[in-house]
Amino acid sequence: MNTLNSFKDCRIYGPWAAVVGLEIHAQICSNSKLFSGSKVQFAAPPNSAVSFFDASLPGTLPVLNRRCVEAAVTTGLALNCTINKKSLFDRKHYFYADLPAGYQITQQRLPIAVNGSLSYSLFIGGNQNEIVTRTVRIKQIQLEQDSGKSLHDDLRSQTLVDLNRAGVGLMEVVMEPDMCCGEEAAAAVRELQLILQALGSSQAKMAEGQLRVDANVSVHHPGQPYGVRTEVKNINSSRFLAKAIDFEIQRQIEELENGGTILNETRAFDSKLGCTIPMRDKEGKQDYRFMPEPNLPPLILHDAKSLPASTGYQQAVSIDWLRERLPDLPSTKRAKLVERYGIQPQHSFTLSNEDGLMEFFETVVKATEMNPKKVIGWILKDVLGYLKHHNLEVKESPISPLLLAELLNLLQHGEISTSAAKQVLEEMWKGKGETPAIIVKEKELELIQDQNEMEHICQAVMEGHPNEVAEIKKGNKKVLNKLIGQVQRATRGRSDPRLVKQILEKLLL
């Protein structure tokens, strides 16, 4: 089964059209849980962060966490939602071992935010250098509890329950079925992830389960009603999300073209096999027996007009107060990067997509005299390339922004060549803490400034490559680059290619 990679292909499936909607659960960045004071800590010892309420002991009552409410409101504002001044909590009943109460507190009837939108961008074209902007509608954002975690021990044929996650605050962001392929869905999720991180409402680390995606996928013939949809659950990687959706679209098309039917079912994505597999049938609709949460009053929010005169933002959640404090969103930051530094739009996406890389770049630019358009090449090709190859985050880089700036200044001032700068960078990656200037001195990589010395070296190279010299004299000017490279090799990168070219052209006359 072929995965469709290009934007053009991911929208065209012969006589078929695909429809994709997403439900995204983002763990709220808060020190305590949604309705209890238990701490929120990733990888804490099992059942070490569980209150009486989290364990659903009789007589315990929920107390709403203000921080979680503010995070949901801030997220709603950033996603252009209408914030409901009155929202309600409900009980959603289902029975799992890791859901001790037998129900989840959520917002089914009247969520905290509705009717928003998210704009995201895709790269198209042969070199992926054209940008297309798409928009997906946000149906709603609701607050709800997370469940605990079941740990299956196949060796002992038993299942253990860890309730540390039970009651952790979640925002469920429900996206309308406005997407049509895995690439679009992955781009939308990545943009949402960046927005959540910029707001501080969620760390949104998919590897730690702080952002989990359910994808609803169906196919149909254009002009006809939507087909039966399947739900692919709990995808924890943007790359896997794209693969899961594209596989599921192709699976459904092949099933229908072979005379089969699509079941309304829940499926999981097996990343090793690269396919979706059935989990459970949804044909018989589950009755969650929603009912109002009797222990929580309506959640009342205020704007500047409705906030009582004697009440400050400390006593009530003010929508306008939160709106005024919204930070720059990723789209705004990218636009500022392009305007301020003159870099390519696609480079601004790379800077914003990698956590900490934008700050790294700006620190280097402020500390170096090199043009930002040249700096970006060193950042994306050399720095990011190294970090990716060694599976490191930007904050783990052995080279600090200031040390890189010092190296680029040496290059900018003509003290070393580009080739020598690459050699210095290799030494800096070893993390010994040596400055570029010290490495240049120890390795004797300073640019040769003596014109006569350079002429002797160039003459020696020409004498050692008579065939190339003959080719150049016949008019094949491209061979000159080979001689320049030989001079660079002879000087161990200590020669200025521009000067070398001038000397060679003079000697070849």
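Which residues do ring pairs link into a cluster? They are Tyr94, Tyr96, Tyr288 and Phe290. The points below concern a predicted model, and they begin with the confidence attached to it.

1. **Confidence.** The model is predicted, and the mean pLDDT of the protein is 91. A pLDDT of 70 or more is reached by 95% of the residues. Residues 1-9 call for separate mention, since pLDDT stays under 50 over that stretch. For residues 1-9 the model has 18 contacts beyond four places in sequence.

2. **The nonpolar cores.** The largest nonpolar core comprises 68 residues, and within it Leu22 and Leu143 have the most contacts. Helix 3 (residues 182-199) supplies the largest share of this core, namely eight residues. Apart from this core lies another, of 38 residues, which includes Met370, Leu410, Ala420 and Ala421.

3. **The surroundings of Leu22.** Beyond four places in sequence, Leu22 touches a set of residues that includes Val173, Val174, Met175 and Met179. Ala185, Val189, Val213 and Asp214 are also among the residues that Leu22 touches, as are Ala215, Leu241 and Ile245.

4. **Aromatic pairs.** A search of the whole structure finds nine aromatic pairs. One of them is formed by Tyr386 and Trp429 and is stacked, with 3.7 Å from centre to centre and 5 degrees between the planes. Tyr386 belongs to helix 9 (residues 372-389), while Trp429 is in the loop between helix 11 (418-428) and helix 12 (436-443), so this pair ties together parts that are 43 residues apart in sequence. Both Tyr386 and Trp429 are buried.

5. **Helix 14.** In helix 14 (residues 466-473), the buried residues are Glu468, Val469 and Ile472. Viewed down the helix axis, these buried residues fall within an arc of 100 degrees, so they line one face of helix 14. A general rule is useful to the student here: an α-helix has 3.6 residues a turn, so residues three or four places apart point the same way. The buried residues of helix 14 pack against helix 13 (451-464) and helix 15 (480-490). The exposed residues Pro466, Asn467 and Lys473 are carried on the face turned away from the buried side. Just after helix 14, Gly475 takes a positive phi of about 115 degrees.

6. **Trp16.** Trp16 is located in the loop between helix 1 (7-11) and strand 1 (17-27). Is Trp16 buried or exposed? Its relative accessibility is 10%, so Trp16 counts as buried, the cut-off for that term being under 20%. The side chains of Trp16 and Glu257 are joined by a polar contact of 2.9 Å. Beyond four places in sequence, Trp16 also touches residues including Val219, His220, His221 and Pro222, together with Ile253 and Leu256. By contrast, the C-alpha atoms of Trp16 and Asn129 are separated by 28 Å, with their positions 113 residues apart along the chain.

7. **Gln107.** The loop between strand 5 (103-106) and strand 6 (113-124) contains Gln107. With 0% relative accessibility, Gln107 counts as buried. Its side chain makes a polar contact of 3.2 Å with the side chain of Ser87. A polar atom of the Gln107 side chain also lies 3.0 Å from the backbone nitrogen of Leu143, and Leu143 is one of the residues with the most contacts inside the largest core. Other residues in contact with Gln107 include Leu88, Phe89, Asp90 and Gln140.

8. **Asn216.** Asn216 is in strand 11 (residues 211-220) and is buried, with a relative accessible area of 9%. A polar contact of 3.5 Å joins its side chain to that of Glu23. Sequence neighbours within four places aside, the contacts of Asn216 include Val19, Val20 and Gly21, as well as Arg229, Thr230 and Glu231.

9. **Asp355.** Asp355 occupies a position in the loop between helix 7 (345-353) and helix 8 (357-367). Its relative accessible area is 63%, so Asp355 is exposed, a term that applies over 50%. From C-alpha to C-alpha, Asp355 and Lys395 are 8.4 Å apart in space, and they are 40 residues apart in sequence.

Definitions and conventions:
Residues numbered from 1 in each chain as written. Predicted model: local features only at pLDDT ≥ 70, side-chain atom pairs only at ≥ 80, totals over all residues. Heavy atoms only, no water. Core = buried A, V, L, I, M, F, W, Y, C linked by side-chain atoms within 4.5 Å. Buried < 20%, exposed > 50% of the residue type's maximum accessible area, 1.4 Å probe, protein only. Helix = DSSP H or I, 4+ residues; strand = E, 2+ residues; numbered from the N terminus. Contact = heavy atoms within 4.5 Å. pLDDT = per-residue confidence, 0-100. Arc of directions from axis to C-beta. Polar contact = N/O pair within 3.5 Å; in protein donor to acceptor, adjacent residues only side chain to side chain. Phe/Tyr/Trp six-rings, centres within 6.5 Å; stacked < 30°, edge-to-face > 60°.
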